[in-house]
Amino acid sequence: MTGAWVVFAAVALALAFGGYRRLTDGRAKTVRPGAEQRLDAVRLGGSLGNEATLVQFSSSFCAPCRSTHRLLADVTATRPSVTHIDIDAERNLDLIEEFAITRTPTVLLLDASGAVRQRLVGAARRPEVLKALDLLADPSASRT
C-alpha cells in the first residue's frame, strides 16, 4: 500500500511541475538594459534588425526550440525590420553564462542598438512575442 502512495505522489509531483512549466512558458519579462546587457553583430554572428532582433538560445535536442524557431521565423517574415538569430547554446557557453540562460529555448529581444529589453523563457507563444515587439516599438504602452 505504501508503494502505491509513493508512485501516486511522484506522478502528482511530475504533473504539477509539467503544468507549472506550461503556464510559465514563453512569458515575456522586461529587462532594464545595462552596459553588460548588450550584444553587437560581431558577437551574434549576424546583423541587428532596424527595429529589433530576436536572439534565440537553443540546443539540438530541444523540441520546443524547433517550434520557437519556426514561430520566430514566421514573425520576422512579416516584419522586415526585425531579425532572428539562433544561437547554439552548447557552442556559446560564454553567452549562456553572461546572460544567465538556464533553460532552452530562451529568447532575448534586443532593440536596434543591441540592448536587451525583454526575455522570453521557454517555448515562445505568438501573442507574447508580438506584444513584446509592440512594447519595444512603443515604450509608452502600458506593461502588464
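In this predicted model, L44 touches L39, V55, I85, I87 and L110, leaving aside residues up to four places away in sequence. L44 belongs to helix α2, which spans residues 41-44. Its relative accessible area is 7%, and L44 is therefore buried, the cut-off being under 20%. One of its partners, I85, stands 41 residues away along the chain, yet the C-alpha atoms of L44 and I85 are separated by 7.5 Å.

**Overall architecture**

The chain contains 5 helices and 5 strands. Read from the N terminus, these elements follow the order α-β-α-β-α-β-α-β-β-α. Of the 144 residues in the chain, 40% are buried. The chain exposes about 8,400 Å², and 60% of this area is supplied by carbon and sulfur atoms. Among contacts with a separation of 6 or more, 73% are made by residues 24 or more positions apart.

**Residue pairs distant in sequence**

The table sets out three such pairs, with their separation along the chain and between C-alpha atoms.

| Pair | Separation in sequence | C-alpha distance |
|---|---|---|
| L44 and I85 | 41 residues | 7.5 Å |
| D88 and S58 | 30 residues | 5.3 Å |
| L130 and V75 | 55 residues | 7.9 Å |

D88 is placed in strand β3, which covers residues 82-88. With a relative accessibility of 25%, D88 counts as partly exposed. L130, for its part, lies in helix α5. A relative accessible area of 30% makes L130 partly exposed as well. When residues up to four places away in sequence are not counted, L130 touches V75 and R79.

**The packing of α3 and α5**

Two packed helices are described by the angle between their axes and by the distance between those axes. For helix α3 (residues 63-78) and helix α5 (residues 126-137), the axes come within 11 Å and cross at roughly 45 degrees. This angle falls outside the ranges for roughly parallel (under 35 degrees), roughly perpendicular (65 to 115) and roughly antiparallel (over 145) arrangements, so α3 and α5 are oblique to each other. Their crossing is right-handed.

On the α3 side, the residues that take part are L71, L72, D74 and V75; on the α5 side, they meet R126, V129, L130 and L133. The residues of this contact divide into 6 nonpolar, no polar and 2 charged. L130 and V75, both listed in this contact, are the pair with C-alpha atoms 7.9 Å apart in the table above.

**The loop between α4 and β4**

Two backbone features deserve separate mention. Most residues other than glycine have a negative phi, and most peptide bonds are trans. A100 has a phi near 50 degrees, a positive value although the residue is not glycine. This residue, A100, is located in the loop between α4 and β4.

The peptide bond that joins T104 and P105 is cis, with omega at about -5 degrees. P105 is likewise found in the loop between α4 (93-98) and β4 (106-111). The loop thus holds both A100 and P105.

Methods: Residues numbered from 1 in each chain as written. Predicted model: local features only at pLDDT ≥ 70, side-chain atom pairs only at ≥ 80, totals over all residues. Heavy atoms only, no water. Axes fitted to C-alpha atoms, helices over the stretch in contact; angles between N-to-C directions. Helix = DSSP H or I, 4+ residues; strand = E, 2+ residues; numbered from the N terminus. Left-handed = near helix turned anticlockwise from the far one by under 90°. Contact = heavy atoms within 4.5 Å. Nonpolar A, V, L, I, M, F, W, Y, C, P; charged D, E, K, R; others polar. Buried < 20%, exposed > 50% of the residue type's maximum accessible area, 1.4 Å probe, protein only. Areas by Shrake-Rupley, 256 points an atom, 1.4 Å probe, with all protein chains shown as cover.
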